[in-house]
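Got the viewer open? Let's walk through this one together, starting from the outside and working in.

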Amino acid sequence: MSIVRLHPGRRMSEAVIHAGTVYLAGQVATDTSADIKGQTAQVLAQIDALLTEAGSSKSKILSTTIYLSSIGNFAAMNEVWDAWVDQGNPPARATVEARMAAPGYLVEIVCIAAV
């Protein structure tokens, strides 16, 4: 079985496709001046783009892990998530508070999807 890596870098690939499954790297906002809603919208747009490139879509997401710099942002993040997620095909999901790799990041989202 082949392994396809999308946007590979020295440290990681943005996505890896294997055996009909696409694994996305953690996605973070490119504009860290945005609030939690803005950063969440940016991240979800990046997820849409990567899934499309991999031949998948948000309706095929199997599992999602959401990391928040502050669990106090949970409700605001969910407002954006709820407007975006495929209501007929919601994935399994976990949301946790975590220390982020850079201080400006408010949210990071990791997804696994079927192709």
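Turn on the surface first: the chain exposes about 6200 Å², and carbon and sulfur atoms supply 54% of that area. Keep in mind as you look around that this is a predicted model.

Now colour the charged side chains. You should pick up 8 positive and 10 negative charges, and the mean positions of the two sets lie 8 Å apart.

Drop the surface and go to a C-alpha trace. Along the principal axes, the C-alpha atoms fill a box of roughly 45 × 35 × 20 Å. How does the radius of gyration sit against that of a compact globule with 115 residues? The globule would come out near 13 Å and the chain has 14 Å, so the two agree.

Switch to cartoon and colour by secondary structure. Two helices and seven strands show up, and reading along the sequence gives β-β-β-β-α-β-α-β-β. Next, display contacts between residues at least 6 apart in sequence: 67% of them join residues at least 24 apart.

Time to head inside. Of the 115 residues, 37% count as buried. For two of the buried ones, select Trp-81 and Trp-84. Both belong to helix H2 (residues 74–84), and because they are three residues apart there, about one helical turn separates them.

Stay on those side chains, since a search of the whole structure finds one aromatic pair. Stacked, edge-to-face or tilted? The ring centres of Trp-81 and Trp-84 are 5.2 Å apart with planes at 55 degrees, so the pair is tilted; edge-to-face would need over 60.

Terms used: Residues numbered from 1 in each chain as written. Predicted model: local features only at pLDDT ≥ 70, side-chain atom pairs only at ≥ 80, totals over all residues. Heavy atoms only, no water. Helix = DSSP H or I, 4+ residues; strand = E, 2+ residues; numbered from the N terminus. Rg over C-alpha atoms; globule rule 2.2 N^0.38 Å. Buried < 20%, exposed > 50% of the residue type's maximum accessible area, 1.4 Å probe, protein only. Contact = heavy atoms within 4.5 Å. Areas by Shrake-Rupley, 256 points an atom, 1.4 Å probe, with all protein chains shown as cover. Lys, Arg positive; Asp, Glu negative; His and termini not counted. Charge placed at Lys NZ, Arg CZ, Asp CG, Glu CD. Phe/Tyr/Trp six-rings, centres within 6.5 Å; stacked < 30°, edge-to-face > 60°.
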